[in-house]
Amino acid sequence: QSYLVEITAAIFLQPDEKPGKRLVEMILDKAGSKGTGKWTSQDAMDLGMPIPTIDTAVAIRNLSSLKDERVKAAALYQPQFETPGTPVEQTIRLAHDALFAGILICYAQGLALLHKASSELKMEIPMPQVVKVWRGGCIIRSSMLEDFYLAYKENPQLPNILLDSSIARLLQEKEGNARTAVIETIRAGIPSLGLTSALGYFDAYRSERMTTNLIQAQRDFFGAHTYQRTDMAGNFHTGWDQGGES
């Protein structure tokens with residue numbers, strides 16, 4: 001129950017003028033853009049808000065424009081796209097749940113960006129009204145927005161919808177199949193950067209402790225940018241070559 005999914009179904013069913021062909025298969029695989037995705041990514045970078053799935057969508061459109069290079073790369077590497085041995089009905093369920101999870105996580109990133117922009121730029125964006133408007137006549141309208149509306153009605157200052165318990169239950173129901181679907185695409189050699197980045201964002205966002213402590217150590221090592229410790233307050237610098245702390 002999503003506008004983009006509904007029109008995608010109609011696209012797949014559209015026949016071409018040539019008998020026995022589907023129109024979608026005859027369309028050149030170079031995606032265009034009007035710049036809205038790029039602007040979103042640029043603003044997110046300025047605000048320090050991660051939206052990797054949206055960034056990936058922009059990157060894939062850009063990569064698709066390198067048609068001549070992709071043709072040469074295909075000839076050079078001779079990729080073998082394997083057909084998964086998963087039964088059709090199971091494949092449909094995996095694809096359904098992966099798409100559901102991917103869409104939800106992508107929404108979460110976009111809404112988190114709006115929340116951050118509202119705070120940083122003093123915009124006072126009413127998040128319940130935002131998703132309510134989107135339900136009415138936007139190309140990203142979806143029945144999922146009703147769940148977001150209820151989450152924001154409960155907590156209008158929710159920084160990320162992934163922190164809502166009801167949304168968490170929805171995602172947890174689809175998570176296992178989403179992971180399996182991504183594994184299948186990787187094993188088959190089918191690019192699925194959108195879904196992969198969505199799951200990566202989800203895994204990072206729910207990580208109480210990340211490996212970015214190593215980045216802080218590296219930054220202090222090569223540039224004396226200092227770091228913070230887990231056991232005491234303050235900023236610290238280490239003389240790494242000597243092995244002593246200063």
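# Exercises: charged pairs and aromatic rings

A search of the whole structure turns up 11 salt bridges. The model you are working with is predicted. Take each exercise in turn, and keep the structure open as you go.

**Exercise 1.** Find what joins the side chains of Arg 93 and Asp 97, and work out how many residues separate them in helix H5.

*Solution.*
- Step 1: Begin with the contact. The two side chains, Arg 93 and Asp 97, meet in a salt bridge with an N to O distance of 3.2 Å. A salt bridge needs that distance to be within 4 Å, so the pair qualifies.
- Step 2: Now turn to the sequence. Arg 93 and Asp 97 are 4 residues apart in helix H5, so about one helical turn separates them.
- Step 3: Check the accessibility of each partner. Arg 93 has a relative accessibility of 42% and counts as partly exposed. Asp 97, at 3%, counts as buried.

**Exercise 2.** Describe the salt bridges of helix H8 that involve Arg 179 and Glu 175 or Glu 184 and Arg 187, and find the network to which Glu 175 belongs.

*Solution.*
- Step 1: Arg 179 and Glu 175 meet through their side chains in a salt bridge of 2.9 Å, N to O. Both sit in helix H8 (residues 165-188), 4 residues apart, which is about one turn of the helix.
- Step 2: Arg 179 is partly exposed, its relative accessible area being 25%. Glu 175 is at 15%; the limit for buried is under 20%, so Glu 175 counts as buried.
- Step 3: Follow the salt bridges outward. A network of them links Glu 175 and Arg 179 with Asp 203 and Arg 206.
- Step 4: Go on to Glu 184 and Arg 187, whose side chains form a salt bridge at 3.7 Å, N to O. These residues are 3 apart in helix H8, again about one helical turn. Arg 187 counts as exposed, with 52% relative accessibility.

**Exercise 3.** Classify the ring pair of Tyr 107 and Phe 148, and say which helices hold the two residues.

*Solution.*
- Step 1: Start from the total, which is 5 aromatic pairs.
- Step 2: For Tyr 107 and Phe 148, the ring centres are 5.2 Å apart and the planes stand at 75°, so this pair is edge-to-face.
- Step 3: Place the partners. Tyr 107 belongs to helix H5 (residues 88-120) and Phe 148 to helix H7 (residues 144-154), so the pair ties together parts 41 residues apart in sequence.
- Step 4: Tyr 107 and Phe 148 are both buried.

**Exercise 4.** Do the same for Tyr 227 and Trp 240, then look for the cluster that includes them.

*Solution.*
- Step 1: The Tyr 227 and Trp 240 pair is tilted, at 6.3 Å centre to centre with 55° between the planes.
- Step 2: Tyr 227 is in strand E1 (residues 227-228), while Trp 240 is in the loop between strand E3 (238-239) and strand E4 (244-245); the pair links distant parts of the chain, 13 residues apart.
- Step 3: Tyr 227 is buried at 12% relative accessible area, whereas Trp 240 is partly exposed at 33%.
- Step 4: Ring pairs join Tyr 227 and Trp 240 with Phe 221 and Phe 236 into a cluster.

**Exercise 5.** Which arginines lie over the rings of Tyr 149 and Phe 236?

*Solution.*
- Step 1: Over the face of Tyr 149 lies Arg 135, 4.8 Å from the ring centre.
- Step 2: Over the ring of Phe 236 sits the charged end of Arg 229, 5.9 Å from its centre.
- Step 3: Connect this with Exercise 4: Phe 236 is one of the residues in the ring cluster.

Definitions and conventions
Residues are numbered from 1 along each chain as its sequence is written. This is a predicted model: local features need pLDDT of at least 70, side-chain atom pairs count only at pLDDT 80 or more; totals for chains, interfaces and linings use all residues. Side-chain values use heavy atoms; hydrogens and water are left out. Rings of Phe, Tyr and Trp (its six-membered ring) pair if their centres lie within 6.5 Å; planes under 30 degrees apart count as stacked, over 60 as edge-to-face and the rest as tilted. Buried means under 20% relative accessible area, exposed over 50%, partly exposed in between (1.4 Å probe, protein chains only). A charge sits over a ring if NZ of Lys or CZ of Arg is within 6 Å of the ring centre and within 35 degrees of the ring normal.
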